[in-house]
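Open the model in your viewer and keep the selection panel at hand. The stops below go from the whole chain to single residues.

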Amino acid sequence: MSEQKPLRPVPRADVMAIDAYVPGKSGAAGVAKVFKLSSNETPLGASPSAIAAFRSVADHLEFYPDGSASRLREAIARRYGLDAAQIICGNGSDDILSLLAHAYLQPGDEGLYTQHGFLEYPIVTRAAGATPVVAAETGLTADVDQLLAKATARTKVVFLANPNNPTGTYLPFAEVKRLHAGLPAHVLLVLDAAYAEYVTRNDYASGIELVATSENVVMTRTFSKIYGLANLRLGWAYGPAHVIDAVNRIRGPFNVNGAAIEAGIAALADAGHTQKAVAHNDQWLPWLTKKIAALGIEVTPSVGNFLLLRFPGASGRTAGEADAFLTSQGFVLRAVTAYGLPDCLRMTVGTAEANEGVVAALAKFMRGERIA
Ligand SMILES: Cc1ncc(COP(=O)(O)O)c(C=O)c1O
């Protein structure tokens, strides 16, 4: 008997095994004033000069952008002391993570990441036809020994968000170096440093030094967080020349738009704006941690611009109930069940008004007040 042909196109089975990424909610129905604290966006907005640069592009929308984003790469190189030839830009760092997975993973390979690691890692791993493998964390923090124990001959890429989203925890640079030292030379270590600018610990490093001194480390960064350009989709990576070459072969020829290029260059030049964002975070992150913990909600110490809150879980005090209550008050946080954290919510550090408002709303919730 001849094999029956399907009646419509059939995607690859590993594509259908992917749980599509669900972004943080952005609205709260029927609430007049909404504070979106669900996607780790900066409460300070973009630099005014980045906004002006974005607007300036409007007069020339008919032209393709510079496909190699040369001026932007040079501006990044100047700002971070790198070689522009070893930088690649992307349509958000998501784009770069996906390109790295497609360039280095194929069916039979494994992409390794940590238990509560960023959800894009299993998505891009599966999209490349490879198998996602999870290493247990210890105390909601990446564990180098667990990662090394899960590395097999099939492991081709290790993804490490440092600091990690949604936990806010980080690995000191000495631990990152220990991870690198324990991996075989053919494994690509991807250090996703999306929140690096917020970290003020002196034992932290984003990975630049490791990229510069090895052949198998790439660091990814984003303009979506501290630079406030999430809407423009702009990320970049710094890696060995051979990795940049491989990714350049498969990226979209114009994967970064002209508005993002101009706004990115202007944002890099406005150091005062990023300093303000760091100062704001340094003021409010400890304040929120202390105030929220005092309400009987467990707060994971974070080095990013967000906090992971664990609710007591008893009936009436679950994360789901807290989410519904906070939303009714106009505070939109991020449910993190998909990260294996069903009793938690993630909260971005917001404006003073948002932060004070969330604490007041959480106090009401913990006192047992409910949606009227
Ligand atoms: C750890 C981490 N990596 C990467 C990204 C993706 O950032 P983008 O694609 O906006 O550059 C995010 C966004 O939330 C993130 O939290």
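Show the surface of the protein chain: the accessible area comes to about 16,400 Å², and carbon and sulfur atoms account for 55% of it. The model is a predicted one. Now switch to the C-alpha trace, which spans about 60 × 55 × 50 Å along its principal axes. The radius of gyration of the protein chain is 21 Å, which agrees with the value near 21 Å that a compact globule of 372 residues would have. Colour by burial, and 53% of the 372 residues come out as buried. Among contacts with a separation of 6 or more, 75% are between residues 24 or more positions apart.

**The sheet**

Change to a cartoon view, where the protein chain has 13 helices and 13 strands. How many strands form the open sheet, and in what order? There are seven, in the order β2-β8-β7-β6-β5-β3-β4, with mixed pairing. Select β2 (87-90) and β4 (131-135), which stand at the edges. Each has a single partner strand, so one side of each is left without a neighbour in the sheet. Look across the strands to see the twist, which averages 25° from one strand to the next.

Next select residues 188-192 and 217-222, which are strands β6 and β7. They pair in the parallel sense over four bridges. One place to zoom in is L191, whose bridge partner in β7 is M219.

Two helices that pack on the sheet come next. Helix α3 (residues 70-80) touches β2, β7 and β8 (235-238), and its direction makes about 120° with that of β2. Helix α5 (residues 120-127) touches β3 (110-114), β4, β5 (155-161) and β6. The direction of α5 makes about 155° with that of β5.

**The edge strand β2**

Return to β2 and show its side chains. Which way do its residues point? I87 and C89 point one way and I88 and G90 the other way, and all are buried. Add β8 to the selection: β2 and β8 run antiparallel and are joined by four bridges. I88 stands opposite A237 in β8.

**V218 in β7**

Select V218, which is found in strand β7. Is V218 buried or exposed? V218 has a relative accessible area of 0%, so it is buried; the cut-off for buried is under 20%. Draw a C-alpha to C-alpha distance from V218 to L188: they are 7.4 Å apart in space and 30 residues apart in sequence. Leaving aside neighbours within four places in sequence, the contacts of V218 include L100, L189, V190, V211, Y238 and V243.

**Helix α9**

V243, one of those contacts of V218, is a residue of helix α9 (residues 241-250), so select that helix now and colour its buried residues, V243, I244 and V247. They cover an arc of only 95° around the axis, which puts them on the same side of α9. An α-helix has 3.6 residues a turn, so residues three or four places apart point the same way. Turn to the other side of α9, where A241 and R249 are exposed. The buried residues of α9 pack against β2, α4 (93-104), β6, β7 and β8.

**Backbone details in the loops**

Move to the loop between β5 and α7 (173-182), where P163 is found. The peptide bond from N162 to P163 is cis, with omega near 0°. P166 is found in the loop between β5 and α7 as well. A cis peptide bond joins N165 and P166, with omega about 20°.

Then select L140, in the loop between β4 and α6 (144-150). The phi of L140 is near 60°, a positive value in a residue other than glycine. L140 counts as buried because its relative accessibility is 14%.

The last stop is R233, in the loop between β7 and β8. Phi of R233 is positive, near 60°, and R233 is not a glycine. With a relative accessible area of 26%, R233 is partly exposed.

Conventions:
Residues are numbered from 1 along each chain as its sequence is written. This is a predicted model: local features need pLDDT of at least 70, side-chain atom pairs count only at pLDDT 80 or more; totals for chains, interfaces and linings use all residues. Side-chain values use heavy atoms; hydrogens and water are left out. Two strands pair if DSSP finds at least two bridges between them. Axes are lines fitted to C-alpha atoms, for helices over the stretch in contact, and angles run from 0 to 180 degrees between N-to-C directions. Contact means heavy atoms within 4.5 Å. The radius of gyration is taken over C-alpha atoms; the globule rule is 2.2 Å times the number of residues to the power 0.38. Buried means under 20% relative accessible area, exposed over 50%, partly exposed in between (1.4 Å probe, protein chains only). Accessible areas come from the Shrake-Rupley method with a 1.4 Å probe; for residues, only the protein chains shown count as cover. The arc is that of the directions from the helix axis to the C-beta atoms.
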